[in-house]
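I went through this model one site at a time and kept short notes. The entries follow in the order in which I looked things up.

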There are 2 protein chains.
Amino acid sequence: MTNQAVYYQTVSWNNGKVRLIDQTFLPAKLVYIDCDTVESLWEAIRSLRVRGAPAIGIAAALGVAMTAVQSVTTEREAFHQEVLGAVEYLRTARPTAVNLFWATEKMKKKLQALAKEPIGEVRQKLLQEAQEILEEDRRTCRKIAEFGARLVPPGARIMTHCNAGGLATAEYGTALGIIFRAHELGKVKEVFVGETRPLLQGARLTSWELKQAGVAVTLVCDTMAGSVLKQKGIDFVVVGADRIAVNGDTANKIGTYNLAVLAQYHKIPFYVAAPWSTIDLSIADGTQIPIEERAPKEITLWGGKQWAPDGIGVWNPAFDVTPAELITAFVTEKGILRPPFK
Amino acid sequence: MTNQAVYYQTVSWNNGKVRLIDQTFLPAKLVYIDCDTVESLWEAIRSLRVRGAPAIGIAAALGVAMTAVQSVTTEREAFHQEVLGAVEYLRTARPTAVNLFWATEKMKKKLQALAKEPIGEVRQKLLQEAQEILEEDRRTCRKIAEFGARLVPPGARIMTHCNAGGLATAEYGTALGIIFRAHELGKVKEVFVGETRPLLQGARLTSWELKQAGVAVTLVCDTMAGSVLKQKGIDFVVVGADRIAVNGDTANKIGTYNLAVLAQYHKIPFYVAAPWSTIDLSIADGTQIPIEERAPKEITLWGGKQWAPDGIGVWNPAFDVTPAELITAFVTEKGILRPPFK
């Protein structure tokens, strides 16, 4: 018998609204919310109710489609302004994940390509385009999982960071997709995940997804990563990505860089799993990736309590850049690749 | 004008009781508690109300003295049994920090050396011995600070981990002692400290101590250590120690090993500051250091809320071992040293 996992619809189109799992409630509760304005969707992206590079892209594309569907104007110029306004506005929600820009750019191009069609047609075709972005992501994750599962030895012990699972994509995931597929093939012994401070996506989301799927998962603090790699017989580390430069430098959740340096020190392979759309062909290397810095209170306030004194400095970058030299290979829907990407 | 810091009496003798700062209330409140039984002192050590290798040693020595002072027996054999019972009992509070064993061993040897003196005399001399351990630690920290401050360049940017400050010693600290002394000499530009999950000693204690002393301190999550070392112009990393083997392998708060690997990758000096009593001359290398593993709920429950799903594995080692090869030098009261130690 193969192991069969359970999956959720992280982002979906629900009768004119964008339906999301509100991930800030996990793991305590599985709560779906319907965003019926671009403002509420923007807030959901900014507040990490929906997060993960592919999921953000899908949510934004659906948000652009929602604007088109909701528009009541019969003036083409006004209609274009409304839709392009949504594109520009949603792009300001978060700066690092390239999928947000890639997906909204796809919607913008579709709008431009349909410039001569009746507005009613355009509305429907923009919705189809957004739904196709979602379906494409679903297929992409399965392909990444298939390619990646070939890298997994029997009885594998794997380490991951943050959440690159079904909750970060349409479903199934990138890094976790590989683990789910390897688990379906009976090859996974144990997965270690760092809790991923400050927002604990590893503790809250990844350990929840792995447990739902019946994968043996052990949670540690990020401080314990070195000890895990040294003592727990880890075969490889696999993480997702928010933006990959042409030379392979990779922005991903803060702490990924720590883990990559530690993996190299312990001579453990370090894989990045991501759709091709995460590669930003417009930038040569990681120095050009904008890194979001978030509010100090994400670190100092937790569970309604203040854990650090007032009046100190706090630095809260949400991502870091792992240099390509520390990444063994990239698992994409096009196969297992090495940079430079073209 | 030199910068003048503020210091606290972390552990002291208060009229027949052992007075401690209850560090679990920091940074919200500065609370002193008086332990008047070895059981309450054992609980205070186990629960990290008092923590830090030197402070634990001092507290345990005072606890042994308290047992002697409180004893009402006039039978020498019974008196010895009571005092030795306290020694053995307090040693079970935590396994990793060698100072607990070193300080209680010192008390035990003193008791044995006084075998022929009147019990009343012995009580007073055991109390003097414990107070001398405290005073010795105070002097030791100042010497470590003097030696260490020589390593600090003007305008220094320093990174530390956990708390090796006044709160981890009688006062002033080891790693933070160096920073305080360098600050008094006007040489410190900025200190970065990792919050130190799971128990946040960096956020709660170190940033509080540095702020009290007027040192510019910036708090980050442990996941951000790599980014700090890469981007913030750090001159060196300095940490404390819980036990050092003859070859220089060093047990310290979990996450120290991550930081040492990251420092090596970034070619940044990595110093360990500790009293000579932290060196365990009975063990050749770090493989022989017992590593305390603590309760899963320290990771999963925080601020009264559960952050991870039920039914997953959790691994919570409180310390890790940094191999000597990653440590640039050891700052002790005997000077700046390199292993092997004799």
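**Entry 1: a buried acid in chain A**

I started with A:Glu209, which sits in helix α7 of chain A, residues 201-212. The model is a predicted one, and I read every value below as computed from it.

I asked which side chain of opposite charge is nearest to A:Glu209. It is A:Arg51, at 5.9 Å. A salt bridge needs a nitrogen to oxygen distance within 4 Å, and A:Glu209 has none although it is buried.

I then looked for what the side chain of A:Glu209 does reach, and found the backbone nitrogen of A:Leu167 at 3.0 Å. Leaving out residues up to four places away in sequence, I listed the contacts of A:Glu209 as A:Asn163, A:Gly165, A:Gly166, A:Leu167, A:Leu176 and A:Phe180. A:Leu167 is thus in the contact list and also supplies the backbone nitrogen.

**Entry 2: the interface of chains A and B**

I next took the contact between the two chains. Chain A puts 55 residues into the contact, and chain B puts in 55 residues. The buried area I noted is about 4600 Å², with 67% of it from carbon and sulfur atoms.

How many salt bridges cross the interface of chain B and chain A? The rule finds two. One that I looked up pairs A:Arg197 with B:Glu195, N to O at 2.6 Å. For polar contacts between the chains I have a count of 24 residue pairs, both residues at pLDDT 80 or more.

On the chain B side, I noted the elements that give two or more residues: helices α7 (201-212), α8 (225-231), α9 (256-265) and α10 (297-300), and strands β6 (217-220), β13 (313-314) and β14 (319-322). By residue class, that side of chain B has 29 nonpolar, 16 polar and 10 charged residues.

**Entry 3: a histidine in chain B**

I turned to B:His161, in the loop between β4 (156-160) and α6 (175-184) of chain B. Is B:His161 buried or exposed? Its relative accessibility is 4%, so B:His161 counts as buried; the cut-off is under 20%.

I checked the contacts of B:His161, again without residues up to four places away in sequence. A:Thr223, from the other chain, is in the list, and the chain B residues include B:Asp222, B:Lys253, B:Ile254 and B:Leu259. A polar atom of the B:His161 side chain lies 2.8 Å from the backbone oxygen of B:Ile254.

Last, I noted the C-alpha distance from B:His161 to B:Phe192, which is 8.5 Å at a sequence separation of 31 residues.

Technical notes: Residues numbered from 1 in each chain as written. Chains lettered and ligands numbered in written order. Predicted model: local features only at pLDDT ≥ 70, side-chain atom pairs only at ≥ 80, totals over all residues. Heavy atoms only, no water. Helix = DSSP H or I, 4+ residues; strand = E, 2+ residues; numbered from the N terminus. Buried < 20%, exposed > 50% of the residue type's maximum accessible area, 1.4 Å probe, protein only. Lys, Arg positive; Asp, Glu negative; His and termini not counted. Polar contact = N/O pair within 3.5 Å; in protein donor to acceptor, adjacent residues only side chain to side chain. Contact = heavy atoms within 4.5 Å. Buried area = accessible area lost by both parts, 1.4 Å probe. Nonpolar A, V, L, I, M, F, W, Y, C, P; charged D, E, K, R; others polar.
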